Every structure is written in C-alpha cells, then in structure tokens.
Amino acid sequence: MRNAIVTGGGSGIGRAIAHRLAAEGYNVLVNDFRREAAEAVAAEIGGNAVACAGDVSQEADVAGVIKACETSFGHCTHLVNNAGHVHQSRFIDLEPAEFDRMFAVHVRGTYLCTRAALPAMLRAKQGVIVNIASQLGQIGGVDLVHYSAAKAAIIGMTKALAREVSADGVRVNAVAPGPINTPLVMALSEDWRNAKAAGLPLGRFGEPEEVAATVAFLCSPEASLFVGQSLGPNSGDVML
Amino acid sequence: MTETVLITGAGIGIGRASAKAFARAGYHVVVTDILEKEGDAVVAEIAAAGGSAEFMKLDVRSTEQADAVVAAVEKKHGAISSIVANAGIAHKVPLPQLTDEKWDFTFDIDLKGIFRVVRAALPAMKAAKKGSVVAVSSIMGVAYGWDEHVHYSSAKAGVVGLVRGLAVELARDGIRVNGIAPGYIRTAQLLSKEHSLGPDADKAGEFIPRAVSVSPKRLPMSSCSLLPTPRAT
C-alpha cells in the first residue's frame, strides 16, 4: 500500500510528481490551495487519484488533507511537501507580510504537513518524506532573500528530521531543483531565461518531469541509503 | 543495441554489486579488476542469472592498459555508454609513516585511475553524443575527516573536483558526469581490521542515524539512477 500526498500538486513540478507517482502505481492525493487546479490534475490522472484543496499553512486545512487521504486510500505512506510560491523583491523593499507569507507556505506548511503525516508512518515503522527545496536555498538568489531563506530552512529541517526519525523507518530527503520550465519560471523574461540557460553546463532548463523522476527515486526502496540528502536536478548549475 | 557499461574494481564489494545491478538492468557489463579470480566469478554469477558480462584485467594505474581495454571493448561493442569508475584502495597509514610513494600509490589508483579510463573512452562517447560517467568518491572525501587516511581522503576529495570539472566540460556533448559518495558499506575494505573499522564495523551504527552498516547490494541502484536507461533494439 503506497499512498502519496503531493502538496501544491495542481501545477508545475507538483503536477508532474503526482502524475509520475500515479504512473508508478501509488494512490495519489493531489493537494493545492486552488481547488480547480487540484481537481483538474486528479481528473487527468484518473482512477487512483483524488483531489483535496487546502492551504498548507493552515492547520485545519492540513488536517483535512490527511483525513481525506485516510478516507480515500488509508494512511499517508509518502509525503511530498512541494507547495510553494515565488515572490521577487529587493530586500530593502521586502515587506514583513511577504516575508511571513513565504515562511508560512514553505516552512510552516512543510512542518504542519509533516507533523500531521508522521505519527502513522512511525506507527507503521515505514514512511518516506520528500521536501521540495531549491538550489537557491543552497546558493541564494538576488531579489529572493525570503525565498532563498525559506528553501534553506527546508533543507535544514530535512537534515534534522532525518536524524531524528530514520532509525524508526522513516526516510526524509529533499530535492533542490535548478531552473525548471514551470509556469513560474516561464513568466520571467525571455532574455533572462536565454542568458540563464546559456550559463548552464547542460545548456538548458529542466522539465518538471525530470524533477519528478528524482522524487520518484527518493520515494522508492532503491533509495534506501538516502537519508537527509538534498538531490539536485539542476542542469549542473550547482555542484555539491 | 545493448548498452555497455565498464566498471573498474568490479571483482569485489561495491564494484561487484554494481556489476550485478547493471546486468539486471539489461546492460552488457565489462567487469574489470586486477583480481582475475574474483572478476571471473562475478562474470559467472551474472551469466548464471541470465545476464551478459565479460572480464578484462585492468590495473587503472596503467595508461597503456586503460587504453587497450577501452579499445578492445569499443572494437567488440562500439562506444561505451557508461563508466563506473570505482576502483580504489584505502590504506591506513599514520602521517609519520606516509611516504611519498604510499601517497602517490593511492592517488594513482583512487584519482588518476578515473581520469585514465574516462580519457580513453571519451572520443567514442563524444562521437556517440551520449554517455554517463559515475565516479566513486567517499563520505570521507566530502563530509568527514578520517584520521590516518589522509591520502585516501585527499584523493576522494579530488574525485569531487574531477567530477565537477568534467561535468562542465562534457555536458554539451551529451555526457553526464556525476559522483557518488557512499557512507559505511559492509565491504571487505570496511571489515579490514588493518585498514578500517574491522569486525567492529557495526559500532558505526552508534553514530549513524540509520543505525546499520549495509551490504553493498543496497548501493548500486543509486549508480543506475545516474545512468541512461538501457534501450533494447
């Protein structure tokens, strides 16, 4: 029984992860704060997917997501904390509300979903958590101090929780993608995208499906030795 | 056409487990090692399981041998699609006893041995516009300091630089270069009392979060995941 929850599964990388895990036979709960987006992706997948709208920064919404998974499939065995958003601002102009929102979705959201899903995994002595960070959490990004800091926090959380629960059968890892062709990135100027791609060793951005492949690997038993790691599908932009 | 993988140090340990994993994944496996008996045994195991493999003796300290083995493989099978540069040694030597010769010996195998094999295989890989190289580093080269293994740790840290440099140099040719840095794996190396933790290896569990040292058979799929999926035609 493999029951995955993918938060932020309504578009981009989350959507690709939901599709990939479903194709591998997982039951998939597609969460998104936009109900229509979650439902559309669940409908695309078909039989083994359900949608559940909810804001991961809200405790009640998260409880609803966990409950929906239990009702539809059974307890969550694989949690992919993917929900996130990008907001650009010079640090000097960065408003506290934007800073707080960034941490609410990425850090508090990952914390709340993990906290809600973990007890059943610990009881089963088995479970997998994959947190979607970003290479900007490793190297930082201009006009993205709050985003970079939130993604770095996710990497720290991943490492610390992995130390805490791996001996109990729960593997916790992160994926730190580089530039990926998602709606968020495609919204940036073509000049920027061309210049960025030219500077990548691989010469191109990644596709959401290529990140999903990394997530699927970390979810699989083949990744049994990966604990607290941050894997980087990033076209060679960051080499650790 | 079957994809060909060349694995160095494939007679025992992680190399052997990798060879078996690649065979299961459908590759033709070129098992290379200085240990002929062990290499032959791996080929026999793969054949018995229905896989395809052959042994070629290769001391990665020899440029001549690396060139010859790669040329022979290419003549029979065409361009090598994947290399797992795994051959290595880890001798325990306190600094006062660490002679230039001992330092160079370890570097010649653990670091320069990777470069020799990749360099030999590169022209055909480039012409084929595809390929993948996985170089085996170590947790001791990327995350920890290991006393009385300074030459080993330095060479394994050097593997990281080699991987990064080659990755940038070859990416546009369709050749991906990555490294893996395993932790405590239950190999003859780890269980050597003379050179590593010895029979007390499981005590490592006291400071490893996952709490066990694992058999090398648990490792190779992480190498496979860095390589192209074999395509049967």
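## Strand pairing in chain B

Welcome to a tour that starts in chain B: strands β2(B) and β3 (residues 52–57) run parallel and are linked by six bridges. Here strands are DSSP runs of E with at least two residues, helices are runs of H or I with at least four residues, both numbered from the N terminus, and two strands pair if DSSP finds at least two bridges between them. Between β2(B) and β3(B) the chain passes through helix α2 (residues 36–48) of chain B, in a right-handed β-α-β crossover. Right-handed means that, with the strands pointing away from the viewer, the path from the first strand over the helix to the second runs clockwise.

This is a predicted model, in which local features need pLDDT of at least 70 and side-chain atom pairs count only at pLDDT 80 or more, while totals for chains, interfaces and linings use all residues. Residues are numbered from 1 along each chain as its sequence is written, and chains are lettered from A and ligands numbered from 1 in the order in which they are written.

## A covered strand

Strand β2 (residues 28–33) of chain B also pairs in parallel with β1 (residues 4–7) of chain B, over four bridges. B:V31 stands opposite B:I7, and its bridge partner in β3(B) is B:F55. Helix α1 (residues 13–24) of chain B joins β1(B) and β2(B) in a right-handed β-α-β unit.

In a regular strand, side chains alternate between the two faces of the sheet. In β2(B), B:H28, B:V30 and B:T32 on one side and B:V29, B:V31 and B:D33 on the other are all buried (20 or more other C-beta atoms within 10 Å of the residue's own, with C-beta atoms placed from the backbone).

## The sheet of chain A

Over in chain A, an open sheet of seven strands has the order β3-β2-β1-β4-β5-β6-β7, with parallel pairing. Its edge strands are β3 (49–53) and β7 (230–231), each pairing on one side only. Five bridges join β2 (residues 27–32) of chain A to β3(A), where A:V30 stands opposite A:A51.

## Chain A as a whole

Chain A has nine helices and seven strands. Its radius of gyration is 17 Å, close to the 18 Å that the globule rule gives for 240 residues, so chain A is as compact as a globular protein of that length. The radius is taken over C-alpha atoms, and the rule is 2.2 Å times the number of residues to the power 0.38.

The C-alpha atoms of chain A fill a box of roughly 45 × 35 × 35 Å along the principal axes. Buried residues make up 50% of the 240 residues in chain A.

Conventions
A residue is buried if 20 or more other C-beta atoms lie within 10 Å of its own, exposed if 12 or fewer, and partly exposed in between; C-beta atoms are placed from the backbone.
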